[in-house]
Structure formats: structure tokens, C-alpha cells
Amino acid sequence: MILDERTEFLDATALNTGAAGSYLLGDWIDTGIARDIGNGHDLDFVVSVDTTATSGGAATLQVNLITSANADMSSPTIIVSSPAFALAALTAGSTIFRVTVPASANYARYVGVQQVTGTAAFTAGAISAFLTPAAANWRSYNDAI
């Protein structure tokens, strides 16, 4: 898998531990004038869990790839949105979301990631999120013997 530091939004970034709500996380990309992030090719948006999430309740996590004309990411437009993941699904080492973002996505100047916490606050947990032209698809399977 190809990973470019400039398209990495989160690198083992701690989840926001505030109450249920929406929060900006990590870094964002300033596309400037050139808004073709994938150079004419589709990119995969990947979210993985680095540290198992914990909560005093039944927290859920939704991750949005967002874009905004403003550097403070106010008035964001959602490009892609993950389903809401239950706390039990947020275990270290798991890739919880991967989706292809078409090259024709309507990016504004800034692109970033939004955490949407549902039900209860997180007490711990860390995730990574990035864009890549070639997400890893390799899996190990048992012999069919």
C-alpha cells in the first residue's frame, strides 16, 4: 500500500473524548487551486484503529471525509461517511472503513476528517485515516486441504 504523509489526516490520533457530537480531528489538506487530489485517479479513504476504544457507556463512532472552503473547516460538506460503528468493533489493528472516493469528488479548498460520536463519550482510543491510490487487499486464508 502506498501511503503519502501529505494525504494522511490521522496517525494514531486520539479520539475526541467530548460528549456525543461532531469534532474535527487531525490534519487537513490545503488543495490550493489544484483540487484533483488523485491526479485523475480514484483514491481509497481508509480508517483503521490503532488503540482499542473505550467508553463509560455505549459510544459509537462515525468518520466523515469532509471538505470546506474555509481553513477552520466551518460549514463542511461531507464527501463520504462511514456507518456508525459500535464500541465493540473499535479494536486495535482493525480496518473499520475503506471506500473508494471518485476522482470527480467535488472538493473545496480544504479536506479533512470529522469524528461523530454518538450515544456516549469515548474515554480512550486512537485511529488513523488517510487517502491512498492502492489500499492493501491481501489476506491470509487457511489451506483448503
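Two residues are in contact when they have heavy atoms within 4.5 Å of each other. This term is needed to read the structure above, which is a predicted model.

Phe45 is a convenient place to begin. Leaving aside its neighbours within four places in sequence, Phe45 is in contact with Phe9, Val63, Leu65 and Val80. The list of its contacts continues with Phe97, Arg98, Val99, Val101 and Val113, and ends with Ala129, Phe130 and Leu131.

Phe45 also belongs to the largest nonpolar core, a set of 28 residues. Within this core, Phe9, Phe45 and Ile127 touch the most other members. Two or more core residues come from each of strand 1 (8-14), strand 2 (21-30), strand 3 (43-55) and strand 4 (60-68). The same holds for strand 7 (95-101), strand 8 (110-118) and strand 9 (122-132). Strand 3 supplies the largest share of the core, five residues. In soluble globular proteins, nonpolar side chains tend to be buried together.

Two residues deserve a look for their backbone angles. Ala12 is found in strand 1. Its phi is near 55 degrees, a positive value in a residue other than glycine. Is Ala12 buried, partly exposed or exposed? Ala12 counts as partly exposed because its relative accessibility is 40%, and the partly exposed class lies between under 20% for buried and over 50% for exposed.

Thr119 is the second case. Thr119 sits in the loop between strand 8 and strand 9. Phi of Thr119 is near 70 degrees, again a positive value in a residue other than glycine. With a relative accessible area of 65%, Thr119 is exposed.

Terms used:
Residues numbered from 1 in each chain as written. Predicted model: local features only at pLDDT ≥ 70, side-chain atom pairs only at ≥ 80, totals over all residues. Heavy atoms only, no water. Core = buried A, V, L, I, M, F, W, Y, C linked by side-chain atoms within 4.5 Å. Buried < 20%, exposed > 50% of the residue type's maximum accessible area, 1.4 Å probe, protein only. Helix = DSSP H or I, 4+ residues; strand = E, 2+ residues; numbered from the N terminus.
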